[in-house]
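Biologist: Could you walk me through this model and tell me how each label is earned?
Modeller: Gladly; here it is.

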Amino acid sequence: MSEAAKKPAKSLSVRELLKSRGKILGLKAVSGSRHLARPITVSEINRPGLAIAGHMEQFRSERIQIIGQGEYAYCQKEDGRKVMANLQKMFSSPDIPCVIVTGGARPLAVIRQACAKAGIPLLVTSSDTSTFIREITTYLDDQLAATTYAHGVLVNVYGLGVLIQGDSGVGKSECALELLKRGHIMIADDVVEVKRRIGYMLVGNSPKNIKHYMEVRGLGIIDIELLFGIGSIMDQSLIEMHVKLESVTTGTLANYDRTGLSTAEVHILEVPVPSLRLPVTPGRNLAVLIEVAALNQRLKNQGYFVAKRFNEGLIREMANK
């Protein structure tokens, strides 16, 4: 995967977060409206309980700071001057995006004052802490995920996301059409937007302007949803297998694996993906081959490597003779 296709590191302002998720998460700004341009650069959040108590080691200032029930109760019970001193020390970090108080609680005066002095936006949400953390982490993970673009077709075959690539004109779209006719599901054609999610999972989807469309030489642009029905499309899918279609002549077929013992990978956004090279020659049904490859990969994912078991059986049989 070409590094030139990779997008630069993303960020999201606190203002954009409020605009896009304010109503959904019950989120609103209490103070610091002039500082809503502060950037959010990571999807992880931080519960600053130890920092509020004065332990600043390993404090993750680049994350959104969540004041939940535990932190709130500590600030209520502890001496106000001590809490203020610790908050000021904590808020001296210049990259804190914002502070969010959960559970609909009214922010304590000491928290409001510390945020105001540091110029940090103070927000409140009506959601409870665990629900809010889950929802905002999922949202930020999607918005800030490392992204690249791949030229190819993404099809979900037997529940496995298969990215089909190859030179222009090799038959990627025609192969995808045959897979659609056989009941499989298309996610993207021509351009696949790939995001790396938490856990080093790759998720592929189609850019909005070409979503559910396919370009086929000789036919032009076709609408997959209208032709094949709503069941033939998906908005996104994990990318769990890569197939490279290659135009070859009879003389070069010897260069391809015939046992299945060798394994190959491609790296997309630094994530390894099992890869398979398929030679394109007259008479080969590529759709059927990709179906079988997807099923075989599912077996491998479950720990059953057919070629290795077959080879081990032959070795045992020869050893016993």
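Modeller: A word on domains to begin with: their bounds come from an automatic or database domain assignment. Here the chain is divided into domain 1 (12-144) and domain 2 (147-313), and the C-alpha centres of domain 1 and domain 2 lie 43 Å apart. This is a predicted model, where local features need pLDDT of at least 70, side-chain atom pairs count only at pLDDT 80 or more, and totals for chains, interfaces and linings use all residues. Residues are numbered from 1 along each chain as its sequence is written, and side-chain values use heavy atoms, with hydrogens and water left out.

Biologist: What makes S2 and S4 the edges of their sheet?
Modeller: The order of that open sheet is S2-S7-S6-S5-S4, with mixed pairing. Strands are DSSP runs of E with at least two residues, helices are runs of H or I with at least four, and both are numbered from the N terminus. Two strands pair if DSSP finds at least two bridges between them. Strand S2 (27-31) and strand S4 (45-46) each have a single partner strand, so one side of each is left without a neighbour in the sheet.

Biologist: How do you know that S5 and S6 pair?
Modeller: At least two bridges are needed, and 3 bridges join S5 (residues 64-67) to S6 (residues 99-101). The two strands run parallel, and Ile67 has Val101 in S6 as its bridge partner. Helix H5 (residues 109-118) packs on this sheet, touching S2, S5, S6 and S7; contact means heavy atoms within 4.5 Å.

Biologist: How do you know that the length of H6 agrees with what a helix should span?
Modeller: The expected span is 1.5 Å times one less than the number of residues. For the 16 residues of H6 (residues 129-144) that gives 22 Å, and the end C-alpha atoms are 22 Å apart, so the two agree.

Biologist: What describes the packing of H1 and H6?
Modeller: Their angle is about 145 degrees and their axes are 12 Å apart. Axes are lines fitted to C-alpha atoms, for helices over the stretch in contact, and angles run from 0 to 180 degrees between N-to-C directions. Leu17, Ser20, Arg21 and Leu25 in H1 meet Phe132, Glu135, Ile136 and Tyr139 in H6.

Biologist: Why is Gly169 called exposed?
Modeller: Exposed means over 50% relative accessible area, buried means under 20%, and partly exposed lies in between (1.4 Å probe, protein chains only). Gly169 has 52%, so the label exposed fits. Gly169 is found in the loop between S9 and H7, and its C-alpha atom is separated by 8.2 Å from that of Arg217, 48 residues apart along the chain.

Biologist: What makes the side chains of S12 alternate?
Modeller: In S12 (residues 213-216), Met214 and Val216 point to one face and are buried, while Tyr213 and Glu215 point to the other and are not. S12 is joined to S13 (residues 220-223) by 4 bridges, running antiparallel, and Val216 has Gly220 as its bridge partner. Between these strands the hairpin has 3 residues, and Gly218 takes a positive phi near 95 degrees.

Biologist: Which strands are the edges of the sheet of 8 strands?
Modeller: That open sheet has the order S14-S11-S10-S8-S9-S15-S17-S16 and mixed pairing. Strand S14 (236-238) and strand S16 (264-268) are the edge strands, as each pairs on one side only.
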